[in-house]
Amino acid sequence: MSRTNTRPISNMPTVLPSWRVPGAAAPMLTRRHALILGASALGLGMADAGAAHERDVAPPETLPLPMEPRLVPMDVEVPPGEIHVVPDRFELYWTLPGAQAWLYKIRVGREGLYESGRFYIGAKKEWPSWTPTPDMIAREPEKYEQHKDGMEGGLNNPLGARALYLFQEGRGDTFLRIHGTNDPATIGRAVSNGCAGLTNDHIRHLYDRVPMDSTVFLYPKTAADTYTQG
């Protein structure tokens, strides 16, 4: 599927070796993006200074998350109109002019299923239908075989209220999504088949702000799957 109406984006030729994850493709990220994810809690200056540091790990049933999307200042200005997913912190940033961003808490792909890289929004759908991939059916036939012919959109659909479809140049649809979920208990956990998930209310909030062809960065995991509060 060809990409149309593409807005200019900066070239990203340099990948820092320390970002490479064995067995996973390294994203095309510049040293500028590395600095953003460097010091000061991944380079992001939170409105509350204490929120810029990792919290103690605790089981999800005993550690509440500050769930609501919030505007945060950034220590380093990046181009507006980009999505940055930081899996180790279970956070998604939608960048704005003036070194600000909307911050959302998310769930991410579990070990071995998360894919880092650079993508773009190739499709957007409200209350999307869903069909499990052949790999999903092969891994968990008892769970997904029954849905091999697809599921109509609705409250019980795994993609929730909205979905942003991630594409790559030369590859087309990657089958990775940023989508909703009606199970908020999974936010802050690595439990999905590779997609980034938000609550249904929060994906609506994000969906209305993100245009087609927006650039998306899924950063590599640098730590074991954990549950964090930020």
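**Terms and basis of the model**

A residue is called buried when its relative accessible area is under 20%, exposed when the value is over 50%, and partly exposed in between (1.4 Å probe, protein chains only). The structure is a predicted model in which local features need pLDDT of at least 70 and side-chain atom pairs count only at pLDDT 80 or more, while totals for chains, interfaces and linings use all residues. Residues are numbered from 1 along each chain as its sequence is written, and side-chain values use heavy atoms, with hydrogens and water left out.

**The pair in helix 5**

Six salt bridges (a side-chain nitrogen of Lys or Arg within 4 Å of a carboxyl oxygen of Asp or Glu) are found in a search of the whole structure. One of them links the side chains of D201 and R204, at 3.2 Å from N to O. Both residues belong to helix 5 (residues 200-207), where a spacing of three residues separates them by about one helical turn. Helices here are DSSP runs of H or I with at least four residues, strands are E runs of at least two, and both are numbered from the N terminus.

D201 is exposed, at 55% relative accessibility, whereas R204 is partly exposed at 28%.

**A network across two strands**

Elsewhere, R89, E91 and K105 are joined into one network by salt bridges that share partners. Within this network, the closest N and O atoms of E91 and K105 are 3.0 Å apart. E91 lies in strand 3 (residues 91-96) and K105 in strand 4 (residues 100-105), so their salt bridge ties together parts that are 14 residues apart in sequence. Both E91 and K105 are buried.

**The D173 and R177 pair**

D173 and R177 also form a salt bridge, with 2.7 Å between the closest N and O atoms. D173 is partly exposed, with a relative accessible area of 26%, while R177 is buried at 10%.
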